[in-house]
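User: I'd like a close look at the aromatic side chains in this one. Could you walk me through how the rings sit against each other and what lies over their faces?

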Amino acid sequence: MNDTFLYSLMEVLLCLSDPGSVNLEKVSNIIIDQSLKDQMFSKEAGRICYTIVQAEAKQNNGSVFRRNLLNRLQQEFKNREEMRKCSLQEWVCFVTFICNVFDYLKVNNMPMLALVHPVFDCLMRLAQPDALLNEAEVRIDPPYKEKALFSNYRTDPLTFLLQVDCLVLQLHRIGEQLENANRPRMDELFFQLRDGFLLQEGLSSMSRLLLLELLEFRAGGWSLSSTADKYYYSEIAE
């Protein structure tokens with residue numbers, strides 16, 4: 001962890017307690033920049049953003065941080081294909097981050113409508129045939145924690161499918177919220193996942209298993225029976 005990041009982190013921490021004392025646009029950029037580099041950070045960044053939004057609203061009823069955050073997210077979203085071509089890791093970090101923000105930031109206790117379609121677009125991209133077939137395996141050496149959905153059931157070092165695991169993780173986390181926000185788009189996504197499972201030639205056995213688990217997860221009302229849970233986790237552990 002270099003000095004520049006430590007200094008940036010100090011600004012973020014200061015913002016949590018006194019948002020009026022720092023440049024909120026700069027803080028939003030710091031959070032997004034780090035989220036695009038570090039998948040573990042991107043998983044927690046939504047919680048940090050939520051805390052800053054709440055602190056700013058309490059201090060002066062402002063929304064500067066949220067506005068800058070959404071503007072930057074929009075910029076990154078527009079460039080998502082180029083990002084994906086340059087770095088699958090950065091692309092997966094971006095999807096993780098935008099889904100995390102969707103999960104935490106609400107308006108009147110409801111999901112932000114401005115994020116619904118972008119989140120769906122990202123998940124639809126992860127479900128495209130080239131993402132399912134040209135999958136990158138990532139090796140993670142310990143220590144690690146919750147790097148992938150089934151990390152607790154794998155032996156060290158951890159190897160997981162970058163894009164498919166991301167798709168599974170996000171739908172486990174926010175799938176029900178997304179469906180409540182726009183059921184037709186969720187149907188569209190799962191038609192694509194079903195076709196990928198049934199029709200896609202060359203799909204790895206692990207990808208096929210994860211897609212099947214997702215199909216059953218949604219069919220069960222966004223939960224798995226204890227029998228199904230034991231089956232999928234035991235299969236993945238082998």
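Analyst: Let's start with a charge over a ring: in this predicted model, Arg 208 lies over the face of Phe 197, 5.9 Å from the ring centre. A second arginine does a similar job elsewhere: Arg 218 lies over the face of Phe 190, at 5.0 Å from the ring centre.

Phe 190 also takes us to the ring-ring contacts, and the structure holds two aromatic pairs. In one of them, Phe 190 and Trp 222 have their ring centres 5.9 Å apart and their planes at 85°, so this pair is edge-to-face, the cut-off being over 60 degrees. That contact links distant parts of the chain: Phe 190 belongs to helix 10 (residues 183–199), while Trp 222 is in the loop between helix 11 (205–219) and helix 12 (226–237), 32 residues apart.

Then there's the pair of Phe 217 and Trp 222, also edge-to-face, with 5.8 Å centre to centre and 80° between the planes. Put together, Phe 190, Phe 217 and Trp 222 form one aromatic cluster.

How much of that cluster does solvent get to see? Buried means under 20% relative accessible area, and Phe 190 comes out at 5% relative accessibility, so Phe 190 counts as buried. Phe 217, at 7%, counts as buried too, and so does Trp 222, at 10%.

So, to recap the picture around Phe 190: the ring pairs edge-to-face with Trp 222, and Arg 218 lies over its face.

How values were computed. Residues are numbered from 1 along each chain as its sequence is written. This is a predicted model: local features need pLDDT of at least 70, side-chain atom pairs count only at pLDDT 80 or more; totals for chains, interfaces and linings use all residues. Side-chain values use heavy atoms; hydrogens and water are left out. Rings of Phe, Tyr and Trp (its six-membered ring) pair if their centres lie within 6.5 Å; planes under 30 degrees apart count as stacked, over 60 as edge-to-face and the rest as tilted. Helices (H or I, at least four residues) and strands (E, at least two) are DSSP runs, numbered from the N terminus. Buried means under 20% relative accessible area, exposed over 50%, partly exposed in between (1.4 Å probe, protein chains only). A charge sits over a ring if NZ of Lys or CZ of Arg is within 6 Å of the ring centre and within 35 degrees of the ring normal.
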